[in-house]
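Please examine the fold displayed below. The explanation that follows begins with a single side chain and proceeds outward to the core, the sheet and the charged pairs.

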Amino acid sequence: MQLGAPLLESRSVAVLSADPNGPGPQLVSLRSSQSDYSIRLPLLGEHQVANVSTAVRALEAFLERTGTIDAGKIADGVSSVNWPGRVQ
């Protein structure tokens, strides 16, 4: 563990809406202190909503130190997730 490393909590990214049990891709709405996100998440399940919230928070923390990225580009990246061999 690095001394002085910040603790990041994924609950700082609020899930405004999600449909984890639908038949197709989930439409997930997230809000953080930096942006609002509307994401088409191809992976199903409540745990995938938690995973994408964590990924968004981690990416935002990284970008706080290195630059900025448009929320739409993050949503586009998540929307293109493909997990070959995973049965959905």
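**From one core residue to the fold**

Val 52 is in contact with Leu 30, Ile 39, Leu 41 and Val 78, when its neighbours within four places in sequence are set aside. The model under discussion is a predicted one.

These contacts lead into the nonpolar core. The largest such core comprises 13 residues, and Val 52 is listed among those with the most contacts inside it, together with Leu 30, Tyr 37, Ile 39, Leu 41 and Val 56. Two or more residues of this core are supplied by each of strand S2 (26-31), strand S3 (36-41), helix H1 (46-66) and helix H2 (71-79). The largest share, four residues, comes from H2.

The strands may be considered next. How are the three strands ordered in the sheet? The sheet is open, its order is S1-S2-S3, and its pairing is antiparallel. Strand S1 (14-17) and S3 occupy the edges; each has a single partner strand, so one side of each lacks a neighbour in the sheet. From one strand to the next, the twist averages 35°. In general terms, the strands of a sheet pair through backbone hydrogen bonds, in either a parallel or an antiparallel manner. Here, S2 and S3 are joined in the antiparallel sense over six bridges. One of the residues involved is Gln 26, whose bridge partner in S3 is Leu 41. Leu 41 is also one of the residues in contact with Val 52.

Helix H1 is placed against this arrangement: H1 lies across S1, S2 and S3, and runs at about 135° to S3.

The charged side chains complete the account. Side chains of opposite charge can pair when their charged atoms come close. How many salt bridges does a search of the whole structure find? The search returns two.

In one of them, Arg 31 pairs with Asp 36, with the closest N and O atoms 2.8 Å apart. Arg 31 counts as partly exposed because its relative accessibility is 43%, and Asp 36 is likewise partly exposed, with a relative accessible area of 44%.

The other salt bridge joins the side chains of Arg 57 and Glu 64, at 3.7 Å from N to O. Are these two partners buried or exposed? Arg 57 has a relative accessible area of 15% and is therefore buried, being under 20%. Glu 64 has a relative accessible area of 52% and is therefore exposed, being over 50%.

Conventions: Residues numbered from 1 in each chain as written. Predicted model: local features only at pLDDT ≥ 70, side-chain atom pairs only at ≥ 80, totals over all residues. Heavy atoms only, no water. Salt bridge = Lys/Arg side-chain N within 4 Å of Asp/Glu carboxyl O. Buried < 20%, exposed > 50% of the residue type's maximum accessible area, 1.4 Å probe, protein only. Core = buried A, V, L, I, M, F, W, Y, C linked by side-chain atoms within 4.5 Å. Contact = heavy atoms within 4.5 Å. Pairing = 2+ DSSP bridges. Axes fitted to C-alpha atoms, helices over the stretch in contact; angles between N-to-C directions.
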